[in-house]
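Student: Could we walk through this protein together, starting from one strand pair and working outward?
Tutor: Happy to; let's have it in front of us.

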Amino acid sequence: MTDEFIIKQLSIFAENKSGKLAAIAKIFLDTGVSIHAFNIAEANNFGVVRAIVDKPEVAFERFAKENYALQYTDVLAIKMKDVPGGLYEVANLLGKLNINIEYAYAFRAGEYGALIVKVANPREAAVKIIESGLELLPAKNYNF
């Protein structure tokens, strides 16, 4: 039941230097992979590029072939009202459900926002989130 909400996010590890983002973007272009959400986190001289894409397996295979260190990370996308207080509503409820957010990023998806969250146990969190009345966006919306 909850597996339909587990989104495969690519986490790509790369040197933090000029031109590296363009090289990563070129791989997505060359493979015909569409990016739905994207985030970069910096740690010392390296960055972690997190991307939700339509064809994660195709992208993973190509990045591996190009010798990038990468991994899949299971994340959830929580539908969020695109109004002041939308993030508070979701974050407050997750806190009350005792769901710790390891990291998050958001984007706008049409008439609403989507909060991408990495949590320790996404399947267990998905059950709690659904039972609370919040809406999870299905993985099929992102990973085809």
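**Strand S6 and its surroundings**

Tutor: In this predicted model, Ile 101 lies across from Val 119 in S6.

Student: Which strand does S6 join over 8 bridges, and in which sense do the two run?
Tutor: The strand in question covers residues 101–109. With S6 it shares 8 bridges. The partner is S5, and the sense is antiparallel.

Student: Which residue takes a positive phi in the hairpin of S5 and S6?
Tutor: That hairpin has 2 residues between the strands. The phi there is near 70°, and the residue is Gly 110.

Student: Which residue stands opposite Val 117 in S6?
Tutor: S6 also pairs with S4 (residues 69–81), in the antiparallel sense and over 6 bridges. Opposite Val 117 stands Leu 76.

Student: How many residues of S6 are buried?
Tutor: Buried here means under 20% relative accessible area. S6 spans residues 112–119 and is mostly covered. Of its 8 residues, the buried ones number 7.

Student: What share of the whole protein counts as buried?
Tutor: The count is taken over the 144 residues of the protein. The share that counts as buried is 43%.

Student: What pattern does the protein follow along the sequence?
Tutor: There are 4 helices and 6 strands to place. Read in order, they give β-α-β-β-α-β-α-β-β-α.

Student: Why is the protein as compact as a globular protein of that length?
Tutor: For 144 residues the globule rule gives 15 Å. The protein is as compact as a globular protein of that length because its radius of gyration is close to that value, at 16 Å.

Technical notes
Residues are numbered from 1 along each chain as its sequence is written. This is a predicted model: local features need pLDDT of at least 70, side-chain atom pairs count only at pLDDT 80 or more; totals for chains, interfaces and linings use all residues. Side-chain values use heavy atoms; hydrogens and water are left out. The radius of gyration is taken over C-alpha atoms; the globule rule is 2.2 Å times the number of residues to the power 0.38. Buried means under 20% relative accessible area, exposed over 50%, partly exposed in between (1.4 Å probe, protein chains only). Two strands pair if DSSP finds at least two bridges between them.
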